[in-house]
Each structure stands twice: as C-alpha cells, then as structure tokens.
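Welcome to a short set of worked exercises. Keep the structure open beside you and try each task before reading its solution.

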Amino acid sequence: MKALVLTYHSHNISGAAYGENDHVSLAEDLETITREGGRIVPLADIAGALREGRIDGEGELWVGLSFDDGPRFDAHDFEHRDFGPQRGFLNILRDFRDRHGTQAQPRLHATSFVIASPEARAAMQAADECGYPDVPGWLADDWWRDAADSGLLEIGNHSWDHVHPVVARTAVASPERGDFRVVTTYPDADAEIRRAGVFIAERIGRPCRLFAYPHGHVNEYLPHDYLPHRAYEHEMEAAFGASGGWVEGTSSIWNIPRVVCGHDWKTADGLASLLRGEPPRDECAGETRGDGSEADLAPGEPPGGQARVESDGRAVEGG
Ligand SMILES: [Zn+2]
C-alpha cells in the first residue's frame, strides 16, 4: 500500500480561504482525499503497516491525519477575533461523516499531538507571539479526554514543553530554545518524551503511544538510540517527523515522514497532485523546507525565513 500522513495546525488562521485557514483546508481536503480514493486511517495503523513491511508504494492509498500543538480548536468550535466562527477540527470530521455517512471513510480518524507541560502551555497561551492571548485556555487540556472518547481523535505526545522560546524554564539542560535537536541526552529525552507520555496518558485515561517531533526537528540520538532502546520506558510505539513526502517501506518507525498543510501543499489541487504522486502543482509548495527536516515553526523563527502559518504571528509553530 501507499501511505501519506498530513499535518494541520488548528491555530493557523490568517484568513477565511483555503491556504489561509487550516479549518477551511481540512474540510475541503477530506473531500479531496475521498474523491482521490484515499482511505483515511489512524496513524497507529500506518505505523503498524510500516512495522509489518506492508508499505510498498503500490495499491491502496492510506492517508493519516495529524494535528499539532494541541489548541482546543482541534476539538471545539471558537470565535476568531478577526475571522469569526471557526469549526473545530473534530467537528469537521463529524460534519464529513454526517454529510457522507460512515461508509465514505469507515476508519475516519486523526491524532492530536499535544504539549504536556501545564506551565509551558500557560506561557504559550499568554504570549502575544503565539497568537491568541485573547482566548482564555486555548491550550488547556480539559478537552483531551472527551476528544479521545469520541473515537475520532487519538491524543499523541508532542513533548513536555516543545523546547519553546516563550517557556521560562524548559526540561532540557541546554539554554537553547526553539530547537528540539538539543535533546541529545538520556535525562533530556526522558524529561521531554517519557514524562510527557505519562502525563498525557493520565489525563486521557488510556495509553499515549505516538510521538511527533516538535518543529519536525529530528537528530541522531532520538530515532537511533533513545526511542528504539528505551521503548519499555517511554512506551511510544512510533514517532512522526515532518520531512515531507510519502511513508516509504524503508522509513524509520521512529521518524515517519509527514507533509504539512500550507507548506507541502497550498491548494486543494496541490493536495490532489500530491495524493496522485504527481509533482506539486503549487508553485511554492515545499520551497520553504530548508534542511528537509524542518516543517515546524517557532514564533519568530519560520523555516527558511518564509512566512507560512505565522504570517499573522498566530502560530505556536508549524509541527
Ligand atoms: Zn509543534
């Protein structure tokens, strides 16, 4: 089978049109994926197929959906101060199901990768540069369990504190911020990944088993040493990067590629081309992907210096 994992950010809203607003893009993309014959499946199923050697680039097209950073907009509708009412991502999935019936996408599902640390989330919530200081609790964790109970969303691990620039004290030894590649030691990885998984699992009342690298930043240590060798401790079963492109049979279970809305495709036609395996039609798609590992944005630190989701300064980051 073929497998492609798509990534959206529910805080990415700089307008009301496709490409400016991931809520608009996601709703349209569900139609495009279905029209192109893609079967939406849980990320864990793609990881399982990869582990079992069933991804060979032929036949059935599996599409995974992932949402990063864990704003409550992943689940709940809200009123944007400039662009009005926005449908929560989870409700966009439900709307699709109501419109087409359960058989159109029988395994419809997405994974929200959330940031664990309450202190880190509080700092980001209040920070102007993260975009929503006027929305109380926009990074709260009170929606996680209900969303997981819906059966349409899994809650995944997006690290303890994202090594985020606005967090006063991060869990890692390095003073550097906005770069998850600084996680190069066991104590740092334990604090950023295992501890986050434990916290999230307690909150949702079920295992937390999937990890997504903040900023899509992957180094040598995490996928080659810590994640494979300490699985009995951190209990993650797979990790997702943001390197762009298809999941290949040779992809590492600890660095499964993802493509990012607004970055790897910018129009509905661009996604259709991507799903068909054609070169991107979007002139600009992928142009800002610097070293191939960075699809994720930190405030004030867009990849390649190009505006993407952060055009209005609203993004926590992009992955
Ligand atoms: Zn992120």
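## Getting oriented

The protein chain holds nine helices and 10 strands. Please bear in mind that this is a predicted model. Of the 319 residues in the protein chain, 52% are buried. Among contacts between residues at least 6 apart in sequence, 66% link residues at least 24 apart.

## Exercise 1: a helix pair

Task: Describe how helix 1 and helix 3 cross, and which residues make the contact.

Solution. Two packed helices are described by the angle between their axes and the distance between the axes.

- Step 1. Find helix 1 at residues 22-35 and helix 3 at residues 89-100; their axes come within 10 Å and cross at roughly 25°.
- Step 2. Angles under 35 degrees count as roughly parallel, and helix 1 and helix 3 are therefore roughly parallel to each other.
- Step 3. The handedness of this crossing is right-handed.
- Step 4. Helix 1 contributes H23, L26, A27 and L30 to the contact, while helix 3 contributes F89, I92 and F96.
- Step 5. Sorted by class, the contact of helix 1 with helix 3 has six nonpolar residues, one polar residue and no charged residues.

## Exercise 2: a strand and its partners

Task: Work out how strand 6 is covered and which strands it is bridged to.

Solution. In a regular strand the side chains alternate between the two faces of the sheet.

- Step 1. Look at strand 6, residues 110-114: A110, S112 and V114 point one way, T111 and F113 the other way, and all are buried.
- Step 2. Strand 6 is thus mostly covered, with five of its five residues buried.
- Step 3. Turn to strand 3 (residues 61-69), which is joined to strand 6 by four bridges, the two running parallel. One pairing to locate is D69 with its bridge partner V114 in strand 6.
- Step 4. Strand 6 is also joined to strand 7 by five bridges, and these strands run parallel. Here T111 has E154 of strand 7 as its bridge partner.

## Exercise 3: two alanines

Task: Decide for A148 and for A168 whether the residue is buried or exposed.

Solution. The cut-offs are 20 or more other C-beta atoms within 10 Å for buried, and 12 or fewer for exposed.

- Step 1. A148 is found in helix 5 (residues 144-149). With 20 other C-beta atoms within 10 Å, A148 is buried.
- Step 2. Leaving aside neighbours within four places in sequence, A148 is in contact with L153, E154, I155, I204 and R206. The C-alpha atoms of A148 and R206 are 8.8 Å apart, although 58 residues separate the two along the chain.
- Step 3. A168 sits in the loop between strand 7 (153-157) and helix 6 (186-204). A168 has 8 other C-beta atoms within 10 Å, so A168 is exposed.
- Step 4. A168 and E119 are 49 residues apart along the chain, and their C-alpha atoms are separated by 8.9 Å.

## Exercise 4: positive phi

Task: Place V163 and H215 in the chain, and state what phi each has.

Solution.

- Step 1. V163 is not a glycine, yet has a positive phi of about 45°. V163 lies in the loop between strand 7 and helix 6, and counts as buried because 26 C-beta neighbours are inside 10 Å.
- Step 2. H215 is not a glycine either, and has a positive phi of about 60°. H215 belongs to the loop between strand 8 (210-212) and helix 7 (221-229). With 27 other C-beta atoms within 10 Å, H215 is buried.

Technical notes:
Residues are numbered from 1 along each chain as its sequence is written. This is a predicted model: local features need pLDDT of at least 70, side-chain atom pairs count only at pLDDT 80 or more; totals for chains, interfaces and linings use all residues. Axes are lines fitted to C-alpha atoms, for helices over the stretch in contact, and angles run from 0 to 180 degrees between N-to-C directions. Angles under 35 degrees count as roughly parallel, over 145 as roughly antiparallel, 65 to 115 as roughly perpendicular and the rest as oblique. A crossing is left-handed if the near helix is turned anticlockwise from the far one by less than a right angle, and right-handed if clockwise. Two residues are in contact if their C-beta atoms, placed from the backbone, lie within 7 Å. Ala, Val, Leu, Ile, Met, Phe, Trp, Tyr, Cys and Pro count as nonpolar, Asp, Glu, Lys and Arg as charged, and the others, Gly among them, as polar. Two strands pair if DSSP finds at least two bridges between them.
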